[in-house]
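Here is a short tour of one protein model, written for someone who likes to have the coordinates open alongside. Have a look at the structure below, and then we can walk through it.

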Amino acid sequence: MNVHFVREHASDRISPEKIKVMHDEDTIKCLKWYENHPKVQTFSDAVLTMLRESSKKNSEFFSKHRFHADLISELENDRYYVPSKGNAVIICIALRLSLPHARELLALGGYNLTNSRKSDLIIRYCIENKIYHLQDITYLLKKLADTDIYSIY
C-alpha cells in the first residue's frame, strides 16, 4: 500500500503514528536470544551455539537426525558454510525451533519461508503446530506439494 495514500486518507483512529508492532512470546524469546548472542552472525555459528546450549553432542544430534558426516564437519570447520535449504529446514525441525526462531536461522543462511510456495507453507504449518517428526513432514510435502524436503528451494 502506498504510504502517501495512508497518510492522506487515515483518520485519527488509524494514524500510522499510532500503529504498534505486536510481538508474540516466541518472537520475543527469539529476539532476546539473538541480543544475548551478539557474536552469532552466520548459520553455522547459530546452529553450533544452539547445540552447545542444549547440551547435545554434535555427533549424537546429527546421527539421530540422519545428517551426513560431511555436513557436521562443514558446520564445525567452516563458519560461513550454508547447507541446502532442505538441510537447513531439517536442522530447524531437529532443533524444534519456533517459527520466529526458524525464520531467523534460515535468514542467516539466506533462505526464507515464503507465502507463495506450497512447500514453504507446509513447513511453516508444521513448525507453527509443533509437528517435528520428519516422516510426517515428508508425507505432507509429498501428498500436498508433490515434493520432498531435499528438493525445496
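Is Cys92 buried or exposed? Cys92 counts as buried because its relative accessibility is 1%, where buried means under 20% relative accessible area, exposed means over 50%, and partly exposed is in between (1.4 Å probe, protein chains only).

A word on ground rules. This is a predicted model, in which local features need pLDDT of at least 70 and side-chain atom pairs count only at pLDDT 80 or more, while totals for chains, interfaces and linings use all residues. Residues are numbered from 1 along each chain as its sequence is written, and side-chain values use heavy atoms, with hydrogens and water left out.

**The overall picture**

The protein has nine helices and zero strands, and its elements run α-α-α-α-α-α-α-α-α from the N terminus on. Helices (H or I, at least four residues) and strands (E, at least two) are DSSP runs, numbered from the N terminus. Of the 153 residues, 39% count as buried. The accessible surface comes to about 10,200 Å², with 51% of that belonging to carbon and sulfur atoms; these areas come from the Shrake-Rupley method with a 1.4 Å probe, and for residues only the protein chains shown count as cover. As for contacts (heavy atoms within 4.5 Å), take those between residues at least 6 apart in sequence: 55% of them join residues at least 24 apart.

**Two covered helices**

Back to the surroundings of Cys92. Helix α6 (residues 85–94) is mostly covered, with ten of its ten residues buried. Among them are Lys85, Asn87, Cys92 and Ile93. Helix α3 tells a similar story: it is largely enclosed by the rest of the structure, because nine of its eleven residues are buried. The buried residues of α3 include Phe43, Asp45, Leu48 and Met50.

**Helix α8 and its contacts**

Cys126 sits in helix α8 (residues 118–128). Cys126 is buried, at a relative accessible area of 1%. Setting aside neighbours within four places in sequence, Cys126 is in contact with Ile131, Ile137 and Leu140. There is a link back to α6 to look at, too: the C-alpha atoms of Cys126 and Ile93 are 9.0 Å apart, with the two positions 33 residues apart along the chain.

Asp120 is in helix α8 as well, and this aspartate is buried, with a relative accessible area of 0%. If residues up to four places away in sequence are not counted, Asp120 touches Lys85, Asn112, Leu113 and Thr114. Lys85 is one of the buried residues of α6.

With cysteines on the table, what about disulfides? A disulfide is a covalent bond between the sulfur atoms of two cysteines. Here the cut-off is a pair of cysteine sulfur atoms within 2.5 Å, and a search of the whole structure finds zero of them.

**Positive phi values**

These residues have positive phi values; here is where to find them.

| Residue | Phi | Place |
|---|---|---|
| Arg96 | near 55° | just after α6 |
| Ser55 | about 55° | just after α3 |
| Asp146 | near 50° | the segment after α9 (134–145) |

Arg96 is in the loop between α6 and α7 (99–108). Arg96 counts as exposed because its relative accessibility is 52%. Asp146 is exposed too, with a relative accessible area of 59%.

**The second largest pocket**

Which residues lie closest to the centre of the second largest pocket? They are Leu95, Arg96, Leu97, Ser98 and His101, out of 15 lining residues. The pocket holds about 300 Å³ of space. On a 1 Å grid over the protein atoms alone, a pocket is an open set of points where a 1.4 Å probe fits, with protein on both sides within 12 Å along at least five of seven lines, and lining residues have an atom within 4 Å of a point. Grid points are joined across faces, edges and corners, and the volume is the space filled by probe spheres set on the points.

Helices α2 (25–36) and α3 (43–53) each supply at least two residues of the lining, and α2 gives the most, with four. By class, the lining has six nonpolar, three polar and six charged residues. Ala, Val, Leu, Ile, Met, Phe, Trp, Tyr, Cys and Pro count as nonpolar, Asp, Glu, Lys and Arg as charged, and the others, Gly among them, as polar.
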